[in-house]
Amino acid sequence: MDQTLLKIIRLYKASFNIKLFLLLRNLHLSYNRVESLVPRNGLIIDLGCGYGLFPNLLAYKSPERNIIGIELSKRKIKYADVGFTNTEFVNEDIQQLEIVDCDTIVLVHVLHHLPSFESQEKLLMECYEKLRKGARIIVVEIDLRPLCKFWFTKFIDHVLYFGDKFYFRNQEQTRELLSKTGYRAVNSFPFHEYSMLSHFVCTGIK
Ligand SMILES: C[S@@+](CC[C@H](N)C(=O)[O-])C[C@H]1O[C@@H](n2cnc3c(N)ncnc32)[C@H](O)[C@@H]1O
């Protein structure tokens, strides 16, 4: 287990269960590898940041980054601020919110939680408008293949978000959507070699 993440998780004023959840989450999704895709400076917005582990990692790894984490769940976001001065956390619905002009937008496992495919399109358009020219969007999502990993991911989502509906797009569909929205240099790659969940990463530049 990565020492940096352990150090950050120890800073959380949260129950053992939440800390364990954060540890397990990182075992399935290497936040460090996603972090390496994020520029070392500028304003970064993490939409749907959950407990804020990823924004905190971004902040810890580079003080020249300023990170705003936005999350709908009050229950999660109340733990997110662990004391890094270059982070800010906001309890808001990313579908209602006016995103401020920024240098990078990150969405880690959030798009498929939005209430429709149309709302995903609308949000990506809003992100495009608010990104500065040359800035990057980084989307981490769930692929529909390998099938066993996809079913396992769905099962976990149904347990954690009981009663919700999910709107998954595969890698190709996500690339197409980013291109259609106007992003250039759209790229994607599988991100699940050491995971039981079928993650992929898709990036684009304004
Ligand atoms: C699977 S979790 C991922 C959390 C975080 N990005 C991470 O990597 O751990 C999806 C998160 O998106 C949040 N979310 C879903 N819809 C949202 C919305 N409309 N506005 C803000 N957050 C939202 C959920 O509350 C949840 O915390």
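These are my notebook entries on what I looked up in this predicted model.

**Ground rules.** I number residues from 1 along each chain as its sequence is written. Since the model is predicted, I accept local features only at pLDDT of at least 70 and side-chain atom pairs only at pLDDT 80 or more, while totals for chains, interfaces and linings use all residues. For helices and strands I follow DSSP runs (H or I of at least four residues for helices, E of at least two for strands), numbered from the N terminus.

**Helix α4.** I began with helix α4, residues 53-61, and found it mostly covered, with seven of its nine residues buried. I call a residue buried if 20 or more other C-beta atoms lie within 10 Å of its own, exposed if 12 or fewer, and partly exposed in between, with C-beta atoms placed from the backbone. The buried residues of α4 are Leu53, Phe54, Pro55, Asn56, Leu57, Leu58 and Ala59.

**α1 against α4.** Which residues of α1 meet α4? I find Thr4, Leu5 and Ile8 of α1 meeting Leu53, Asn56, Leu57 and Tyr60 of α4, where a contact requires C-beta atoms, placed from the backbone, within 7 Å. The residues of this contact divide into five nonpolar, two polar and no charged; in this count Ala, Val, Leu, Ile, Met, Phe, Trp, Tyr, Cys and Pro are nonpolar, Asp, Glu, Lys and Arg are charged, and the others, Gly among them, are polar. The axes of α1 (residues 3-11) and α4 come within 10 Å and cross at roughly 115°, the axes being lines fitted to C-alpha atoms over the stretch in contact and the angle running from 0 to 180 degrees between N-to-C directions. I note the crossing of α1 past α4 as right-handed, meaning that the near helix is turned clockwise from the far one by less than a right angle, whereas an anticlockwise turn would be left-handed.

**Core.** The largest nonpolar core holds 44 residues, and those with the most contacts inside it are Phe54, Ile105 and Leu107; such a core is a set of buried Ala, Val, Leu, Ile, Met, Phe, Trp, Tyr and Cys residues joined through C-beta atoms within 7 Å. Phe54 is also one of the buried residues of α4. Leu107 touches Leu47, Gly48 and Val139, once residues up to four places away in sequence are left out.

**Ligand shell.** Of the 17 residues around the ligand, Gly48, Gly50, Leu72, Ile94 and Val108 come nearest, where being near means a C-beta atom, placed from the backbone, within 6 Å of the molecule. The shell divides into seven nonpolar, six polar and four charged residues.

**Glu71.** I then asked whether Glu71, in strand β2 (residues 65-71), is buried or exposed. Glu71 counts as buried because 25 C-beta neighbours lie inside 10 Å. Leaving aside neighbours within four places in sequence, Glu71 is in contact with Gly48, Cys49, Gly50, Lys76, Ile77, Ala80 and Asn91, and of these Gly48 and Gly50 are among the residues that come nearest to the ligand.

**Glu88.** In strand β3 (residues 87-91) I looked up Glu88, which is partly exposed because it has 16 other C-beta atoms within 10 Å.

**Backbone checks.** A cis peptide bond joins Arg145 and Pro146, with omega about -5°, and Pro146 is found in the loop between β5 (131-142) and α7 (147-160). His109, though not a glycine, has a positive phi of about 55°; His109 sits in the loop between β4 (102-108) and α6 (117-130) and is partly exposed, with 18 other C-beta atoms within 10 Å. Ala185 likewise has a positive phi, near 50°, in a residue other than glycine, but Ala185 lies in strand β6 (residues 184-190) and counts as exposed because 11 C-beta neighbours lie inside 10 Å.

**Lys19 and Tyr161.** Lys19, found in helix α2 (residues 16-28), is in contact with Ile9, Tyr12 and Ala14, leaving aside neighbours within four places in sequence. Tyr161 is in the loop between α7 and α8 (171-181) and is exposed, with 11 other C-beta atoms within 10 Å. I last compared Tyr161 with His113, which are 48 residues apart in sequence and 9.2 Å apart in space, C-alpha to C-alpha.

Definitions and conventions:
Two residues are in contact if their C-beta atoms, placed from the backbone, lie within 7 Å.
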